[in-house]
Each structure stands twice: as structure tokens, then as C-alpha cells.
Amino acid sequence: MDTDLDNMSRDQLVAEVKKLRHGIREHRDSTGHALCWHHPALWALLPERSDPVPVVPDWPQFLRGCLRYRESLDKQLPQAPRSSEPYRD
């Protein structure tokens, strides 16, 4: 894995790092309802082509996970701004 890097020039490696950093920052800067979405664009930054199909929990388990995630934000980021913005398609 990652043997593609062995044959890259310095300029190609720098370009790869910049591309990966951009993708990580885009994911990191997700906020609001975007935090809840599947992010295949992040996976697409890897050289191996894969289209993983996630295992999707049934609704009760999924909603419990969403609640736990939201509760963890209250604990980890108690001072973060809050929003009552409704979800919009």
C-alpha cells in the first residue's frame, strides 16, 4: 500500500500533500447538518479505487448513535455555538 508514493517526484509529493490537506480541511470544516452525512469525497482522495457501501444500522440503533454523537459534542464542545437552523434538502 502507498507504493505509488515511491516513484513520485518532490513536486508530485507536494501536490499530493496539498490535495490531501484540502480534503481533510473540507471535512474538518463541516458544520451543522453536514456533520451527519456520508463523505465519499474524502475516501476518493486515496489512490485505490473503492466504493465502500456502508453497513447502515436499523433506525432505532442509528438514532441512538446520532443522540450519542450529539451528546458527545455537548461534553467535548460545551461552548460551541448552537443553531436551530432546520435541515433543508
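# Reading features in a predicted model

Author: Asp 2 sits in the segment before H1. A word of caution: this is a predicted model.

Reader: What is the phi of Asp 2?

Author: Phi is positive, about 65 degrees, although Asp 2 is not a glycine. Asp 2 is also partly exposed, at 42% relative accessibility.

Reader: Next, burial. Is Ser 30 buried or exposed?

Author: Buried means under 20% relative accessible area. Ser 30 has 16% relative accessibility, so Ser 30 counts as buried.

Reader: Where is Ser 30 found, and which residues does Ser 30 touch?

Author: Ser 30 is in the loop between helix H1 (10-28) and helix H2 (40-43). Leaving aside residues up to four places away in sequence, Ser 30 touches Leu 35 and His 39.

Reader: Now the rings. How many aromatic pairs does the structure hold?

Author: Two. To sort them, look at the angle between the ring planes: under 30 degrees is stacked, over 60 is edge-to-face, and the rest are tilted. Take Trp 37 and Tyr 87. Their ring centres are 5.9 Å apart and their planes are at 40 degrees, so this pair is tilted.

Reader: Which parts of the chain does that pair link?

Author: Distant ones. Trp 37 is in the loop between H1 and H2, and Tyr 87 is in the segment after helix H3 (59-76). The two residues are 50 apart. Tyr 87 is partly exposed, with a relative accessible area of 40%.

Reader: What are the distance and the angle for Trp 59 and Phe 62?

Author: The centres are 5.8 Å apart, with 85 degrees between the planes. That makes the pair edge-to-face. Both residues lie in helix H3, three residues apart, or about one turn of the helix. Trp 59 is exposed, at 62% relative accessible area. Phe 62 is partly exposed, at 35%.

Reader: Last, the cysteines. How many disulfides does a search of the whole structure find?

Author: Zero. Cys 36 is in no disulfide, and its nearest cysteine sulfur belongs to Cys 66.

Reader: Why is there no bond between Cys 66 and Cys 36?

Author: A disulfide is a covalent bond between the sulfur atoms of two cysteines. The cut-off used here is sulfur atoms within 2.5 Å. The sulfur of Cys 66 is 5.7 Å from that of Cys 36, so the two are too far apart for a bond.

Reader: Are these cysteines buried or exposed?

Author: Cys 36 is exposed, with a relative accessible area of 58%. Cys 66 is partly exposed, at 32%.

Terms used:
Residues numbered from 1 in each chain as written. Predicted model: local features only at pLDDT ≥ 70, side-chain atom pairs only at ≥ 80, totals over all residues. Heavy atoms only, no water. Helix = DSSP H or I, 4+ residues; strand = E, 2+ residues; numbered from the N terminus. Buried < 20%, exposed > 50% of the residue type's maximum accessible area, 1.4 Å probe, protein only. Contact = heavy atoms within 4.5 Å. Phe/Tyr/Trp six-rings, centres within 6.5 Å; stacked < 30°, edge-to-face > 60°.
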